[in-house]
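Below is a short report on selected features of one protein model. It covers a surface patch, a pocket and a loop residue.

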Amino acid sequence: MNPIDTLNLDFRSLSTFLAVLDEGSVSRAAVRLGVTQSAVSHTLERLRQALGDPLFVKSGRGIVPTRYALQAGPHVRQILDDLQSLSAGPPFSPATAEFTFTVAANDYQRDLLLPGLVRILRREAPGISLQVIPSGIPRADILRKDVCDLLISPHAPEATDIMQRGLMADRMVVFYDQAYRQPPADLADYLKAEHIALMFATGEKPTLETSLDTRGLDRRSVVTVSNFSGLPEFLRGTDMLATAPEGMGKHLLRDFAWVPLPFDFKPFTLLMLWHRRNQNDPAHKWLRNQVNAVAASLNRPNG
């Protein structure tokens, strides 16, 4: 292999390499970068000459990375993260900052934590807009590819480049309309009842459903919704049951009674997750602290 021509390894070319590696496609990488396919192809050719490796080869109708490209990926990502940290700019000022901060959260986390964050932003950082997108069962790529800046979920992707901080503990309980039925007396009563179940729009099952399947427990779901916000109106005025986080009894399901689950199911912790490249970014750090402050206020007895 020839010595590496470092003059051809600039920020733009390395970003192009990562985009193709992440997307597995020159055309999708071009869309992500906002450039033409020919520009991506030209940059890849310069990288091949500089690094002395094909990097990506044809496979069927697509392309696959070489072993060298796969091994180089984490190193290139770290180099770009370090370069970005050099251009962090002046100290962050919430009062004058203007940008959009994107948070991925399903409706439970969204409704519990983010209205409080918006109130803080309107008061202290009016130029920062909040965009909220659904997270489903989250994967590391949602943070790696800048789909969002922050992720709030009880599920942490297993990845060394994803940072996390616990926000608050919660557990699953059984909600019911006390005007139409008594609480389930035991597991048998719970299983024979009619249920409102949850299935994410992406088709992924919540961990509760997986746990029931693993135990061989079968319950009858007469309604399945794609998010928790669909529960109240289906539950109201019926003898059905809905299993949801206890914290929802403070807002979305506050009109309903609840009892603990009639079987063992581990409590969970809501996590705040972000990519390592944003660890020391002053604006990102300030926003993480505000989310944590909202969670802390809810953790207090009168929160």
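## Surface patch

L83 is partly exposed: its relative accessible area is 36%, which lies between the 20% and 50% limits for that class. The model is predicted, and this value is computed from it. L83 sits in helix α4, which runs over residues 67–86.

L83 also belongs to a nonpolar patch on the surface. Its partners there are F11 and I79. Together the three residues have about 240 Å² of accessible area. L83 can join such a patch because its 36% is over the required 30%.

## Largest pocket

The largest pocket holds about 470 Å³ of space. Its lining counts 25 residues, and those closest to the pocket centre are P154, H155, M172, P206 and T207.

Several elements contribute to this lining. Helices α5 (107–124) and α8 (207–215) each supply at least two residues. So do strands β8 (194–198) and β10 (241–245). By residue class, the lining of the largest pocket has 15 nonpolar, seven polar and three charged members.

## Loop residue P54

P54 lies in the loop that links α3 (37–51) to β1 (56–59). Is P54 buried or exposed? Neither class applies: P54 is partly exposed, with a relative accessible area of 41%, because that class spans the range between 20% and 50%.

P54 can also be placed relative to Y68. The two are 14 residues apart in sequence. Their C-alpha atoms are 8.7 Å apart in space.

Key: Residues are numbered from 1 along each chain as its sequence is written. This is a predicted model: local features need pLDDT of at least 70, side-chain atom pairs count only at pLDDT 80 or more; totals for chains, interfaces and linings use all residues. Side-chain values use heavy atoms; hydrogens and water are left out. Patches are made of residues with over 30% relative accessible area and no salt bridge: like charges are joined within 9 Å, nonpolar side chains (Val, Leu, Ile, Met, Phe, Trp, Tyr) within 5 Å. Accessible areas come from the Shrake-Rupley method with a 1.4 Å probe; for residues, only the protein chains shown count as cover. A salt bridge is a side-chain nitrogen of Lys or Arg within 4 Å of a carboxyl oxygen of Asp or Glu. Helices (H or I, at least four residues) and strands (E, at least two) are DSSP runs, numbered from the N terminus. Buried means under 20% relative accessible area, exposed over 50%, partly exposed in between (1.4 Å probe, protein chains only). On a 1 Å grid over the protein atoms alone, a cavity is a set of points where a 1.4 Å probe fits but cannot get out, and a pocket is an open set with protein on both sides within 12 Å along at least five of seven lines; lining residues have an atom within 4 Å of a point. Grid points are joined across faces, edges and corners, and a volume is the space filled by probe spheres set on the points. Ala, Val, Leu, Ile, Met, Phe, Trp, Tyr, Cys and Pro count as nonpolar, Asp, Glu, Lys and Arg as charged, and the others, Gly among them, as polar.
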